[in-house]
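Student: Please take a close look at one single residue and its surroundings. I should like the cut-offs behind each term to be stated as well.

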Amino acid sequence: MPVTPSANPRIIEALYAEALALADRARDAFEALRRQPANDAAPPAGGSLGADEDLAHVQASCEALRTTTRIMHCLAWLLNHRAWFAGELTELQLRRHGRLIAHFPASDPACIIHLTLAAQAVVHESERLYQRITRLEQAWQRQGMANAAPHDPLTDPLPAALIHLRERLGLALAEAG
């Protein structure tokens, strides 16, 4: 039977430290890639690189952006959970604003093979980190749904804001119709 992951302070702290280290490695790997010349030959007399080199630079830049964005989304999720465990956010605030972006695009294998080995490793590690945090997010959401009691209008009336909203919608519909 597979073990269901759970977001607890120790796991969140360990993942946070791992994500910070990965962010540093990503910065270093992609900065080195940016500084690396396209090839040892000088650019043509016109002063511009060939179309293939231009495409390779654009693909590397896109992959750097995609990878660092993936890591930053992971860090944001982890920071929100750290704040929740520290009592700085309520569970409602975390559920509303602390969600991981769903279906973040994966890296293009055809582009990755043109990166340095260090950059390739960072890309793959960022994808694994994102997958791990996605599993934690899904388990946390399922746990929240399982713990939520169904709404009983007799014992738990609607909040005043929802009652006022329904009244305003009713008036707006009456005026429009």
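**A residue in its setting**

Tutor: Of the contacts in the protein with a separation of 6 or more, 80% join residues 24 or more positions apart, where contact means heavy atoms within 4.5 Å. The model is predicted, so local features need pLDDT of at least 70 and side-chain atom pairs count only at pLDDT 80 or more, while totals for chains, interfaces and linings use all residues. Residues are numbered from 1 along each chain as its sequence is written, and side-chain values use heavy atoms, with hydrogens and water left out.

The protein has 6 helices and 0 strands, and its elements run α-α-α-α-α-α from the N terminus. Here helices (H or I, at least four residues) and strands (E, at least two) are DSSP runs, numbered from the N terminus.

The residue I have chosen is Glu63, which lies in helix α2 (residues 51-85). Its relative accessibility is 0%, and therefore Glu63 counts as buried. Buried stands for under 20% relative accessible area, exposed for over 50%, and partly exposed for the range in between (1.4 Å probe, protein chains only). Across the protein, buried residues form 26% of the 177 residues. Once neighbours within four places in sequence are set aside, the contacts of Glu63 are Phe30, Ser107, Asp108, Ile112, Leu115 and Val123.

The cysteines Cys62 and Cys111 also deserve attention. Cys62 is partly exposed, at 41% relative accessible area, whereas Cys111 is buried, at 11%. The structure holds 0 disulfides, a disulfide being a pair of cysteine sulfur atoms within 2.5 Å. The sulfur of Cys62 has its closest cysteine sulfur in Cys111, but they are not bonded because 7.6 Å is too far.

A contrast to Glu63 is offered by Leu162, in helix α6 (residues 160-176). With a relative accessible area of 40%, Leu162 is partly exposed. Leu162, Leu165 and Leu169 make a nonpolar surface patch of about 250 Å². Patches consist of residues with over 30% relative accessible area and no salt bridge, like charges being joined within 9 Å and nonpolar side chains (Val, Leu, Ile, Met, Phe, Trp, Tyr) within 5 Å. A salt bridge is a side-chain nitrogen of Lys or Arg within 4 Å of a carboxyl oxygen of Asp or Glu.

The accessible surface of the whole protein is about 12100 Å², with 60% belonging to carbon and sulfur atoms. Such areas come from the Shrake-Rupley method with a 1.4 Å probe, and for residues only the protein chains shown count as cover.
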